[in-house]
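User: I would like a close look at the cysteines of this protein, followed by an account of the surrounding architecture. Please treat it as one connected description.

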Amino acid sequence: MTPQGGTECKFETLAHLKPQATDDTQARAVGDLLQRLIGARANEFIVVVNRSLGLANGDLDTYELRSARNEMISVTGNTGVAAATGIYNYLKYFCNCHVSWSGDQLRVPSPLPSITGVLKITTPNRFRYYQNVCTQSYSMVWWDWERWEREIDWMALNGINLPLAFSGQEAIWQEVYLSLGLNQSDIDSFFTGPAFLAWGRMSNLHGWGGPLPQSWHLKQLYLQYKILNRMRSLGMIPVLPAFAGQVPEAISRIYPKANVTKLDPWSHFNCTYSCAYLLDPKDPLFQRIGTLFLTQLIRQFGTDHVYNTDTFNEMTPVSSEPAYLSSVSEAVFSSMTSADTQAVWLMQGWLFVHQSAFWRPPQIKALLGGVPLGRMIVLDLFAESHPMYSSTQSFYGQPFIWCMLHNFGGNSGLFGTVESINRGPFEALSFPNSTMVGTGLTPEGIEQNPVVYELMSELAWRREPVNLQKWVSLYSARRYGSRDENVAAAWSLLFRSIYNCTIPFYKNHNHSPLVHRPSLRMNTDVWYNRSDLFEAWRLMYTAAKPLMSVETFKHDLVDVTREALQLVVSEYYLEIRKAFQKHLLSELLTAGGVLVYDLLPELDRLLSSESRFLLGVWLEQARSLALDEREASLYEMNARNQITLWGPEGNILDYASKEWGGLIGDYYSQRWSLFVTTLVKCVDRGSPFKQDAFNRDVFKVEKGFVYNQRRYPSKPTGDTYEIATRVFLKYYRPIMKKLNKAACHS
């Protein structure tokens, strides 16, 4: 297959970004991956890496699949990633297998299905990027090597060749700041706790959730060595961190002449934990610190020449003058090239979306123009909903990667923009004078909606959009190893409704009242037809009994039921609000009683029956990284706070909400109980509901959860099918009756 309209040869400045490992090393790494995936059946595959295969295709990743002797399958890729992608393509479309965050379906046929001729695929995208800087905190913060190994395998199978690798950087920063004369207490007050490191790295926060124990630094360093070694062995190009200008407050004590500016607070924080100190890019100390950090980093970890740092992430620069903005990016890039003459700056383009009033064309052009053309790669971070390439003339000539952001805060909830992602990358590639060099996955949190990520990963290797209905039919068959008609019909409905949000600029925060602090002004709107979701729920439940031993199906039955019950919660909320507003005490007690004493406990029991919906797992992972009880308590506070209050005072309350067993029962349900009780008292006494007073009361409940130290199960409890059956029989018909009644009245 000859590349047509691909991203090859557009920027000679990026030609040096290639795998460092030898072909043999990469082939062995893919073979080891196969062993981990399918055990002894891996011996039926012949894996070859031959980089010359890519040279014939514009240096774009290419793989070839063919049948070999003794019923074996031969895969050849120009990189380890290309070979791994070819293997997963074969497992999907020849063996009907599936690999995902929420379980695998790997019933590999014996003998292996044969291939007629040679199947040769070349991606049109030079780079396939993965991760948002926030993913490191919302999803990966408590991972051990076993979990990282699994994720790197997933990356390779899904074609990722440009992953973020940010672990362990605080250990390097500690060395740098100690060498500059700061003391340990200066540094301890600067670093955030583990669950908030992403925002410390982006100059949004300091100190909150800290201090970082020394054991954290050592463990993360050890982890980073293993992560980088594995990524490189598979032919990936890891992206390392660089310096953007934020410094500890104490730098002014050591260097009183340094030109340091105190920025405004971030989000809803005050200057106790926010208000970053930014070193002026023209100050000689800027170059010294930036170069020192990168030199130390390269000495520890080596380099593949790509570095990420984000200036002004959700922060307003001190000046909108183009000359100033250009000088900032010029200084950042100069600090990179002082340590690595081949440096390429990879920058998240989120600032242009988040603060569009500030970042007008002159400002964007100036910031990007401070770096030589082709030495920066911009991540068009939210391109599926808010692409920036089209309004910036392809980022004024800088290479860019079309990214799907999809998820905010690691929230639970079914969501997708499948029509947009099926169309968007191809439109960007054919845009006049397009500088697109790849596609990317940039969710704030992962381990949710695996169907969307499998589709997007596959599109990176295609040259035209897929037939979405046909694609999802094949997806459901291989995910469960079953062609059940009810399951296929359910997925068809989901892809036409909840997975196809077409509202411009829509951000996938879970807006459900279930996971937000109760009030009388909550949003219950959804972007899809509720009846479609309830019918998909019915179809999944109808097919359930013979499929409960399939881990992927069990997970999805819980997930779809959870989503349906989330809508049922909204319906009961509307009844509660209506009863309160009309002073109907009996109706208020009935609706509130069902919500608090049956619906939410049933949801908690359902989630507690499936291993991937457990609060206890999140908390146990956090505590397991500690050396002693003091560290364990710190890590647990970080873990609890992030998914609830997000800050000391509920500063970004419920931004990272999760629907997990334990969290529903001891956090969300307790808030709703207080809300209903408060409304009942108001009606009984004839007094108004005062939100401010309620907020003060409910904050005690929320803060109490963060510090209650209760242990939660990390293993599932209860029979999923039994609970799902009880819930379905109890709530499906009543909710459909309500929807039909509402439809008749409208």
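How exposed or buried is Cys 271, in terms of relative accessible area?

Analyst: The model is a predicted one. In it, Cys 271 is partly exposed, because its relative accessible area of 35% falls between the limits of 20% and 50% that separate buried from exposed residues.

Cys 271 has a bonding partner: together with Cys 275 it forms a disulfide, in which the two sulfur atoms are 1.8 Å apart. That separation satisfies the criterion of 2.5 Å for a pair of cysteine sulfur atoms. A disulfide is a covalent bond between the sulfur atoms of two cysteines. The torsion about the S-S bond of Cys 271 and Cys 275 is about -65°, so this disulfide is left-handed. The two partners differ in their surroundings: Cys 275 has a relative accessibility of 1% and counts as buried, whereas Cys 271 is partly exposed.

A search of the whole structure yields 1 disulfide. Among the other cysteines, Cys 403 has its closest cysteine sulfur in Cys 134, at 13 Å, which is too far for a bond. Cys 403 is also buried, at 0% relative accessibility. Cys 682 is likewise buried, with a relative accessible area of 7%.

Turning to the N-terminal part, an unreviewed UniProt entry annotates residues 29-113 as the domain "Alpha-N-acetylglucosaminidase N-terminal". This span is 33% helix and 28% strand, and its end C-alpha atoms lie 24 Å apart.

An open sheet of 4 strands runs in the order β1-β3-β2-β6, and its pairing is mixed. Its edges are β1 (45-49) and β6 (118-122), each of which pairs on one side only. From one strand to the next, the twist averages 15°. Strands of a sheet pair through backbone hydrogen bonds, either parallel or antiparallel. For β2 (residues 62-68) and β6 the sense is antiparallel, over 5 bridges. Within this pairing, Thr 62 has Thr 122 of β6 as its bridge partner.

The loop between β5 and β6 contains Ser 110. Ser 110 counts as exposed, at 64% relative accessibility. Its C-alpha atom is separated by 9.1 Å from that of Arg 41, although the two residues are 69 residues apart along the chain.

The description now passes to the open and enclosed spaces. The largest pocket holds about 1300 Å³ of space. It is lined by 50 residues, and Trp 101, Arg 147, Glu 447, Arg 612 and Gln 621 are the closest to its centre. Two or more lining residues are given by each of α1 (23-38), β4 (98-100), β5 (103-105), α5 (145-157), α21 (551-581) and α23 (615-624). The largest share comes from α5, with 8 residues.

As for enclosed space, the count is 10 cavities of 30 Å³ or more. About 310 Å³ of space lies in the largest cavity. Of the 25 residues that line this cavity, Gln 169, Trp 173, Gly 200, Arg 201 and Gln 246 lie nearest its centre. Helices α6 (169-179) and α8 (197-201) each supply at least two residues of that lining.

To return to the cysteines, the disulfide joins Cys 271 and Cys 275, with Cys 271 partly exposed and Cys 275 buried.

How values were computed: Residues numbered from 1 in each chain as written. Predicted model: local features only at pLDDT ≥ 70, side-chain atom pairs only at ≥ 80, totals over all residues. Heavy atoms only, no water. UniProt positions renumbered as here; feature names shortened; annotations may be inferred. Buried < 20%, exposed > 50% of the residue type's maximum accessible area, 1.4 Å probe, protein only. Pairing = 2+ DSSP bridges. Axes fitted to C-alpha atoms, helices over the stretch in contact; angles between N-to-C directions. 1 Å grid on protein atoms, 1.4 Å probe; cavity = no way out; pocket = protein on both sides within 12 Å on 5 of 7 lines; lining within 4 Å. Points joined across faces, edges and corners; volume = space filled by probe spheres on them.
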